[in-house]
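Subject: Structure handover

Hello,

Here is the structure you asked about, with the sequence alongside. My notes on it follow below.

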Amino acid sequence: VRRTPRDGADSVIRALADSARATARDAGLPLHELVAAGCAAPGPLDHRTGLVHEAPNIVGFIEFPLGPRLSEALDGLPVFVDRDTAMAAIAEVAIGAAHGQRDWVYVTVSTGLGGSIVSGGRMLRGATNTAGEIGHWPVAFQLDPSRDAGADLQRCGCGSFGCAESLAAGRNMADAYGVNDAAEVYAAAARGDERASTIVIRAERALANLAVGLVNVLNPALIVVGGSIAERQPSHVLEPMRRGIADRAFRVPAAAVRVVPAALGGDVGMLGAAFGARERLSGRGEWFL
Ligand SMILES: [Zn+2]
C-alpha cells in the first residue's frame, strides 16, 4: 500500500510498478514467471485499450494509456485494466454477494459513488465502453422553472449537477458540512445537528432515487452495495434504497430485487483485478467484456 503520487502520471506508474515488483518478490515469484497483471483504476476508461479518459483525482490521468505504460514498466507483462467498480463487480460475482447472479447491479458508496451493471450475465459496456458510471446518474434538480435547473444544488465533480455522487458520496457530504470525513457528518446528525441532518437526509433521498431508477430501468435481481460508507452506515444507505424501491418502484421489479451488502470489503478491487486478468488472459472473459 502506497500513497498516490501527486506530481504526475510518470510517478504514478513508477509507484505502481515498484509496488507490483515488491509484491512479486515477497511472494517469491520472479516477474518473468507471471503471465499477467490486473489493474483497477478510476474511470471513465476503456478497458479494452487500457486508456483512462479522465480521473480527476489522479494528477496526469487525462487520456492516459495506463495499461500499455504499466505493461512497459513491468518488462512487457500483459496488464488488464478495468474500472475499479467493474473489478469489484467481477470479484463479487466470482466469490462474493452476487455469486451466480446474471442480472444485478454493484453500487459502491464511499469517498465517491459508483458502480457497474450486469445484465443477462454480461457487464453493460455501452458504445464506447464507459457505461456504468451510476454515481453520475442525475437524481435531483431545481423544480422552480423561473430558476436555473441546477440552482441550490451542489455542482458535481463531473461538471453536471444533481448527480447521485454530488449528494451521497462521502467526499461531497464532508465538503458540504466543511469537514474532512463524512463520518463526522453522520456523527453530528446523530447528535441532532440540523445542518448535518439535512445533508444526511439529502444523501438518503439521492440513494433512494438512484435505487428506484435502477430497479425500474434495469430490473435487477440483486443490488449489491459496498464501500466504506455503506459498511458503516447501512441504515442510512441500504435502508433508504430498500424503502424507496418498496414505496415507489414498479411492483413486479420491486418484488424481484433484493438490496444486500457487499461481501468482500476493502480488497474487492484487488481481488477483482486478479480474477479479471485471469479470465481475460484465458479467453473466458466474455461475460464481463
Ligand atoms: Zn456527476
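**Salt bridges**

R147 and D152 are joined through their side chains by a salt bridge, with 3.0 Å from N to O. Please keep in mind throughout that this is a predicted model.

The two partners of this bridge fall into separate accessibility classes. R147 has a relative accessibility of 39%, so it counts as partly exposed. D152 reaches 58%, and because exposed means over 50%, D152 counts as exposed.

D152 has a second point of interest, in its backbone. Its phi is near 75°, which is a positive value in a residue that is not glycine. D152 sits in the loop between β8 and α4, a loop that comes up again below.

A search of the whole structure gives eight salt bridges. Besides the one above, I will describe two of them.

R69 pairs with D10, and the closest N and O atoms are 2.9 Å apart. This pair connects distant parts of the chain: R69 belongs to helix α2 (residues 66-73) and D10 to helix α1 (residues 9-26), with their positions 59 residues apart. R69 has a relative accessible area of 24% and is therefore partly exposed. D10, at 45%, is partly exposed as well.

R242 pairs with E239, with the closest N and O atoms 2.7 Å apart. Here the partners sit in one helix, α9 (residues 234-248); because they are three residues apart, about one helical turn separates them. R242 has a relative accessible area of 32%, so it is partly exposed. E239 has 31% and also counts as partly exposed.

**The zinc site**

Which atoms hold the zinc ion? The protein donors are ND1 of H136 and the SG atoms of C156, C158 and C163, at 2.1 to 2.3 Å from the ion. The angles among the four donor atoms run from 101 to 123°, and the site is tetrahedral. That assignment follows because four donors count as tetrahedral if all angles lie between 85 and 135 degrees.

Along the chain, the donors follow the spacing H-x19-C-x1-C-x4-C. Both H136 and C163 lie in the loop between β8 (122-123) and α4 (164-168), so this pair ties together parts that are 27 residues apart in sequence.

Are H136 and C163 buried or exposed? H136, at 26% relative accessibility, counts as partly exposed. C163 has 1% relative accessibility and is buried, because the class covers everything under 20%.

**Backbone points to check by eye**

Most residues other than glycine have a negative phi, and most peptide bonds are trans. The following places are the ones to look at with that in mind, together with D152, whose phi is near 75°.

N129 has a positive phi of about 70°, although N129 is not a glycine. N129 also lies in the loop between β8 and α4. At 11% relative accessibility N129 counts as buried, whereas D152 counts as exposed at 58%.

The peptide bond from G43 to P44 is cis, with omega near 0°. P44 is in the loop between β1 (37-41) and β2 (45-46).

**Internal space**

Rolling a probe the size of a water molecule over the atoms shows where empty space is left. How many cavities of 30 Å³ or more does a search of the whole structure find? The search finds one, and about 40 Å³ of space lies in it.

The lining consists of D103, W104, V105, I117, V118, S119, L218 and P220. Two elements give two or more residues each to this lining, namely β6 (104-109) and β7 (113-119). The largest share, three residues, comes from β7. By type, the lining residues divide into six nonpolar, one polar and one charged.

**Where to start**

If you open the model with little time, begin with the loop between β8 and α4. That loop holds H136 and C163 of the zinc site, N129 and D152. From D152 you can then step to R147, its salt-bridge partner.

Regards

Key: Residues numbered from 1 in each chain as written. Predicted model: local features only at pLDDT ≥ 70, side-chain atom pairs only at ≥ 80, totals over all residues. Heavy atoms only, no water. 1 Å grid on protein atoms, 1.4 Å probe; cavity = no way out; pocket = protein on both sides within 12 Å on 5 of 7 lines; lining within 4 Å. Points joined across faces, edges and corners; volume = space filled by probe spheres on them. Helix = DSSP H or I, 4+ residues; strand = E, 2+ residues; numbered from the N terminus. Nonpolar A, V, L, I, M, F, W, Y, C, P; charged D, E, K, R; others polar. Donors = N, O, S within 2.8 Å, 3.2 Å for Na, K, Ca; no water. Tetrahedral: all angles 85-135°; square planar, octahedral: opposite > 155°, others 65-115°. Buried < 20%, exposed > 50% of the residue type's maximum accessible area, 1.4 Å probe, protein only. Salt bridge = Lys/Arg side-chain N within 4 Å of Asp/Glu carboxyl O.
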